[in-house]
Amino acid sequence: MKLRIFVVLMMGLAVEIIAADKPAAKKVKPVPAAAPAQAVEITIPAGAVEVEPYTYRYTDAAGKNWIYRKTPFGVMRLEDKPASANAAEKLQDERTRLIESTYAVEEGDSIRFERAWPFGRTQWQRKKTELNDVERAVWNRELQKREAHESASKD
């Protein structure tokens, strides 16, 4: 056993000695690139219309629509392209999936929502006056279930 360990160590040492004898490959110095062009700072044009906080819409002289967004890192510009029918369909499917997988429980003047995620359940609470579209659809579905249950129990 000791002989095997000794042989393995000697082979490793021999490999290191052989590698040290070979001349190192010459490193080629990279050619310095031309000086980078100065970045043009994007600003929001004077005729831009604010559509949301920190988001502006603008149509340039060529007829292209642009979206300008103020971020902590400066102004960002994106071309405003219409969504394809496929993208709209995917968005609607995602909205439907979210509505079906969410449950709501009334707690006073607010509503507690629950949704199953891959890492467990997530819960959040919103006031009835501050619901977004998906939450409002979930709450309306829960109210319809409640009414159907109450009418069925009266019969």
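**Salt bridges, a strand and a nonpolar patch**

Glu114 pairs with Arg112 in a salt bridge, with 2.7 Å between the closest N and O atoms. The model is predicted. Glu114 has a relative accessibility of 18%. That value is under 20%, so Glu114 counts as buried. Glu114 also meets Arg121 in a salt bridge, at 3.6 Å from N to O. Arg121 is exposed, with a relative accessible area of 53%. The pairing does not stop there: salt bridges with shared partners join Glu107, Arg112, Glu114 and Arg121 into one network. Side chains of opposite charge can pair when their charged atoms come close.

Now step back to the whole chain. The protein has 155 residues, and buried residues make up 15% of them. Its secondary structure consists of three helices and seven strands. Read from the N terminus, the order is α-β-β-β-β-α-β-β-β-α. Take the contacts between residues at least 6 apart in sequence: 23% of these join residues at least 24 apart. The accessible surface is about 13300 Å². Carbon and sulfur atoms account for 59% of that surface.

Strand 6 covers residues 110-117, and Ser110 belongs to it. Is Ser110 buried or exposed? Ser110 is buried, at a relative accessible area of 9%. Its side chain makes a polar contact of 3.1 Å with the side chain of Gln125. Leaving aside residues up to four places away in sequence, Ser110 touches Val105, Gln125, Arg126, Lys127 and Lys128.

Back to charge pairs. The structure holds 11 salt bridges. One of them joins the side chains of Arg146 and Glu106, at 3.5 Å from N to O. Which parts does this pair tie together? Arg146 lies in helix 3 (residues 133-154), and Glu106 lies in strand 5 (residues 102-107), so the salt bridge links parts that are 40 residues apart in sequence. Both partners are partly exposed: Arg146 has a relative accessible area of 38%, and Glu106 has 33%.

Last, the N-terminal helix. Helix 1 spans residues 2-21 and includes Phe6. Phe6 is partly exposed, with a relative accessible area of 47%. Phe6 also helps make a nonpolar surface patch of about 700 Å². The other contributors are Leu3, Val7, Met10, Met11, Leu13 and Ile17.

Conventions
Residues numbered from 1 in each chain as written. Predicted model: local features only at pLDDT ≥ 70, side-chain atom pairs only at ≥ 80, totals over all residues. Heavy atoms only, no water. Helix = DSSP H or I, 4+ residues; strand = E, 2+ residues; numbered from the N terminus. Buried < 20%, exposed > 50% of the residue type's maximum accessible area, 1.4 Å probe, protein only. Contact = heavy atoms within 4.5 Å. Areas by Shrake-Rupley, 256 points an atom, 1.4 Å probe, with all protein chains shown as cover. Polar contact = N/O pair within 3.5 Å; in protein donor to acceptor, adjacent residues only side chain to side chain. Patch = residues over 30% accessible without salt bridge, like charges linked within 9 Å, V, L, I, M, F, W, Y side chains within 5 Å. Salt bridge = Lys/Arg side-chain N within 4 Å of Asp/Glu carboxyl O.
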